[in-house]
Structure formats: C-alpha cells, structure tokens
Amino acid sequence: MKYIAVLLILGGVFHQEASAEEKPHDRIYTIVVDRFLNADDSNDVNVTDDENEPLPFGGDFRGIEENLEYIQDMGFDTLMLSPVFEKAEDDYMGYAVENYGEIESSFGGAESFQSLVDAAHEMGMKVVVDMPVTATEQYETLDNPALNELQGEYYSEVADVEFIDLSVPENQDAYREMARAFVDEFGVDGLSMNVVQDGVDAESFMPEGVTTYGILGSESVTAEGFDHVASEAARQDVAEAFSTTDKAIPAYPEDGQILLADHWFTERFTKHAADENMFPGTRIQQLTAYLYGYPGPISFQYGTEVALNGETIPQVHRQMDLWTDQEVVDYIKQINTVFTDHQQLLDGAVTELKSGEDGHYVVRYDTTDVDFILNINDTSKTENFRVPLEAEDEGKMLSGLLIGDALRAEEGQDSYNIVLDREETELYAVIEETGLNNGYVYAGLIIFGGFGIFIWAVAKRRKPKEEM
C-alpha cells in the first residue's frame with residue numbers, strides 16, 4: 001500500500017506553499033491557567049480533585065508552555081490567559097487579586113511566566129493577559145458592577161471582591177501605570193478585560209501601544225476604546241447557530257469584532273449541542289470552519305475541541321483533557337492547514353453569495369491572487385447552490401481543499417453547481433482549468449497495469465503444475 005500512496009502523491013494536487021507571514025487576524029485560544037495542566041505539583045496550593053469544588057486544580061504556566069505546539073497546530077497564534085497576578089489562595093481563576101505587582105506563585109511565579117511568554121514568542125505566538133478590575137487599597141470602588149449570571153456566581157461564591165471604578169480619573173491613572181509596568185516587564189502583546197462597568201473608554205485607562213480586547217459579558221454593557229470587542233449578543237447568535245442544524249448562521253461582521261461561541265464567564269458551547277441532542281463533535285467542526293473563515297479575530301475557549309461541557313461555576317471550567325476527541329482535534333488541524341496555506345483569502349474582499357438564514361451559508365473571497373468560495377451546509381439535508389461565474393472565472397474550475405471536490409461549469413452555463421452533504425463544509429479555490437489530472441491517470445495505469453502483470457505472472461507459474 002505504501003507504494004500506491006507514493007504514486008498518488010506524485011500525481012499531485014492543487015497546493016500553495018504556506019506563507020511565512022503571520023496570520024492577518026488573531027486566532028485566540030483562551031485558557032484558565034489553573035484548569036489547563038498541572039505540570040509542576042511543587043507549587044500546588046489548596047488543590048482539589050473534586051470538579052464540583054471551586055478550588056484550584058493546580059494548573060500552571062509550565063503546563064501551558066509544554067503544550068504550545070498542540071495549541072499552534074490547531075491554528076491558534078494568540079494565547080489569552082486568565083489573570084496571572086497574586087491572588088487569594090482559594091481562588092482558582094485569579095480575579096481575587098491581592099497584589100498586581102507580583103505574579104501568582106501557585107502558577108509558577110514570575111520566572112515561569114516569563115518562560116511561557118518567551119517560548120510563545122519564539123514560536124511566533126502572541127500572549128494576551130486578562131486584566132481584572134479588582135479594587136486593591138489604592139483604588140476607589142464601583143457601586144453597581146454589571147455582572148452576568150456566571151460572574152455573579154463566581155464573585156459571590158469564590159471571589160468576594162470590590163471593583164475599581166474606571167470613571168474616576170485617579171483610578172484611571174493608577175490602573176494605566178500598573179498595566180504599563182506589567183507589559184514592560186514581561187513583554188506581553190495585549191491586554192483583555194471582562195468589562196463589568198457600563199460606558200467605559202479603554203483609552204482612558206489602558207496603556208498606549210498595546211492591543212486591547214474588551215469582552216462584554218452582558219447585553220446591558222457597552223464600551224469603547226478597545227481595539228477589538230466581543231459582544232454578548234453576537235456570541236449567543238453564533239452559539240445558537242451551530243447548536244443544531246437548520247439554524248440561521250450570522251453573516252460575518254464587517255466591524256472587526258471578535259467572533260466566539262463561549263468564554264470563561266458563559267455556558268460552554270457543548271451545552272448548546274447537548275441540549276439539542278446533537279453530536280458535539282460535528283457541531284464543533286462546523287463551528288470551527290465558520291470561525292476560521294472569518295476575516296477578523298476569533299476566540300476559542302480551551303477544551304472546546306474536546307467537548308468540555310458545563311453551565312455553572314465551576315463546571316464550566318473543567319480540567320482540560322488533551323487526550324480525548326482526537327478526531328475533532330485532527331479536523332481542526334486540517335482546517336488550520338488549509339486556511340494557513342491560503343491565508344491570503346482573509347485579506348480579500350468578502351461577498352455573501354447566500355445568506356445563512358436557513359443554515360446554508362456561502363461566501364466568496366476575492367483576492368489579488370486566487371479567489372475562494374466557502375460553502376457551509378449546516379442543514380439537515382444535502383444542499384446545492386449555483387455560484388455565479390465572474391468575468392475572471394472564464395476557463396476556471398473549483399478545487400475543493402477540505403473534502404476534495406473538483407467542479408467545472410457545464411458548457412453554456414454561467415454558474416458552478418456546488419452540492420454538499422448535510423453538516424459539511426467545503427472551501428473551494430477558483431483555479432485554472434486543469435483537465436484530467438495526468439498524475440492520477442498515470443498512477444492508475446501503473447497500479448492496475450502492474451496488478452495485471454502480477455496476475456499474469458502468477459497464472460503462468462501455476463500452469464505447468466496444473467498440466468502435470
């Protein structure tokens with residue numbers, strides 16, 4: 001069989017070498033540090049193995065560093081970490097901050113954190129850290145924080161804290177100075193914030209020259225001044241769209257907002273699929289294809305790829321399991337390989353060819369090099385759609401990069417007829433017509449010709465014996 005494989009490879013398929021340039025838009029993998037992997041039990045404090053207890057599991061920076069390749073292989077180029085500052089011993093997430101000037105020792109301390117940042121940078125990855133708004137002694141406090149249900153659970157059961165009022169100028173100056181010192185010391189690439197105060201302006205309290213991400217956990221919260229914002233309404237739309245089949249798929253935003261299906265203060269995406277009695281693996285695959293096709297920043301929570309489930313604190317933050325659901329992880333790696341090899345599509349103009357209102361979404365990416373068509377069939381039946389030929393499509397065909405479909409426009413037709421099975425996604429490259437794949441033809445002739453010669457030789461060797 002290995003000889004057949006070699007022949008098929010020699011036949012050749014359409015492929016473009018991966019660019020050495022970094023991806024044009026952030027592909028973020030969010031991690032609750034304590035819940036990823038405990039690689040060093042010497043720094044464990046108040047650790048439990050009871051998943052129903054909101055106590056630390058012992059995860060640390062070393063556990064993340066040792067698995068950077070795993071994260072990168074799935075296509076993520078940015079780590080977004082939960083708070084890393086010195087915290088209360090029984091707080092597992094890191095928002096019960098006791099000292100912004102120190103890195104949490106149970107996570108590994110400053111040296112281990114710097115090692116993680118340096119290792120990520122060596123691999124071409126960025127590191128973003130979530131900045132709490134926990135009030136320590138020097139800050140005036142906020143009277144009425146805007147918390148969603150999970151934030152309310154966490155802050156009442158795990159981290160009984162007060163919040164910084166970011167509308168107070170003195171607070172803004174002190175916060176910016178603290179954040180600036182942290183960024184300068186460790187060289188992190190960005191700061192995120194789970195916003196709990198309506199109407200804040202990140203430019204008034206975040207340091208300059210650092211990419212900022214605002215996570216709005218409630219529909220009642222607004223914010224400005226962040227480089228990228230994730231809204232709760234958009235998150236819910238995405239999660240609901242891919243919870244089952246035949247749901248409306250949101251059109252890709254044009255404002256550069258972050259697309260995501262869950263984060264660490266929401267229910268898990270898998271919960272939506274489970275509620276619909278759908279197989280989580282397929283749901284995650286379809287969600288991933290949609291997110292990777294978005295020409296803007298996306299966020300993917302640790303454990304989504306292995307279908308971690310939960311809707312309450314601390315169940316939403318289960319221990320990561322790196323050795324389950326390998327089929328889904330492999331699919332995500334395949335998606336990443338294709339989009340990385342053809343990442344120029346994310347810089348092209350995007351045209352919606354078919355609204356995703358019925359669960360079938362088709363878009364075209366027009367680039368200066370090769371054009372692409374993304375076909376997401378998230379319905380319960382096989383779907384076909386006729387893709388109009390543009391002027392530059394004359395003499396071209398569609399080459400499938402995920403499933404492998406090869407489509408040509410029928411003679412006299414002004415469109416490609418694309419057909420896709422239920423719950424599948426295909427990305428087509430619009431390429432010059434190749435005719436028959438001579439490599440495959442030659443390979444087939446060699447394989448079957450060789451097999452025929454083998455049968456003839458065996459028969460010839462047996463014939464004298466039969467005559468005797």
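A residue is termed buried when its relative accessible area is under 20%, exposed when that area is over 50%, and partly exposed in between. The structure described here is a predicted model, and its residues are assigned to these classes in the paragraphs that follow.

Salt bridges were examined across the model, and the count comes to 22. One of these joins Arg235 to Glu232, whose side chains meet at 2.8 Å, N to O. Both residues belong to helix H8, which spans residues 232-241, and because they lie 3 residues apart there, about one helical turn separates them. Glu232 has a relative accessible area of 8% and is therefore buried. Arg235 is likewise classed as buried, since its relative accessibility is 2%.

A salt bridge also forms between Asp34 and Arg35, with the closest N and O atoms 2.6 Å apart. Asp34 counts as buried because its relative accessibility is 2%. For Arg35 the corresponding value is 0%, so this residue is buried as well.

Lys354 and Asp358 provide a further example, the closest N and O atoms of this salt bridge being 3.0 Å apart. Lys354 is buried, given a relative accessible area of 17%, whereas Asp358 is partly exposed, given a relative accessible area of 34%. Asp358 is placed in the loop that runs between S12 and strand S13 (360-366). The C-alpha atom of Asp358 lies 9.4 Å from that of Asn377, the two residues being 19 apart in sequence. In addition to such pairs, the model contains a network of salt bridges that links Arg364, Asp366, Asp371, Glu390 and Asp393.

The strands S12 and S13, which flank the loop of Asp358, both take part in an open sheet of 6 strands. The order across this sheet is S12-S13-S14-S19-S16-S17, and the pairing is antiparallel. Strand S12 (349-354) and strand S17 (406-407) form the edges, each pairing on one side only. At the S17 edge, strand S16 (residues 396-400) is joined to S17 by 2 bridges, and the two strands run antiparallel. Within this pairing, Ser399 stands opposite Ala406 of S17.

Charged residues also gather on the surface, where Glu203, Glu208, Glu224 and Asp227 make up a patch of negative charge. Residues in such a patch have over 30% relative accessible area and no salt bridge. Glu203 is situated in the loop between strand S7 (200-201) and strand S8 (211-216). With a relative accessibility of 63%, which is why it is classed as exposed, Glu203 contrasts with the buried class.

A loop position is likewise found for Asn67, which lies between helix H3 (61-65) and helix H4 (68-73). Asn67 is nevertheless buried, because its relative accessibility is 14%. The C-alpha atoms of Asn67 and Leu37 are separated by 9.0 Å, although the two residues are 30 residues apart along the chain.

Conventions:
Residues are numbered from 1 along each chain as its sequence is written. This is a predicted model: local features need pLDDT of at least 70, side-chain atom pairs count only at pLDDT 80 or more; totals for chains, interfaces and linings use all residues. Side-chain values use heavy atoms; hydrogens and water are left out. Patches are made of residues with over 30% relative accessible area and no salt bridge: like charges are joined within 9 Å, nonpolar side chains (Val, Leu, Ile, Met, Phe, Trp, Tyr) within 5 Å. Accessible areas come from the Shrake-Rupley method with a 1.4 Å probe; for residues, only the protein chains shown count as cover. A salt bridge is a side-chain nitrogen of Lys or Arg within 4 Å of a carboxyl oxygen of Asp or Glu. Lys and Arg count as positive and Asp and Glu as negative; His and the chain ends are not counted. The place of a charge is taken as NZ of Lys, CZ of Arg, CG of Asp or CD of Glu. Helices (H or I, at least four residues) and strands (E, at least two) are DSSP runs, numbered from the N terminus. Buried means under 20% relative accessible area, exposed over 50%, partly exposed in between (1.4 Å probe, protein chains only). Two strands pair if DSSP finds at least two bridges between them.
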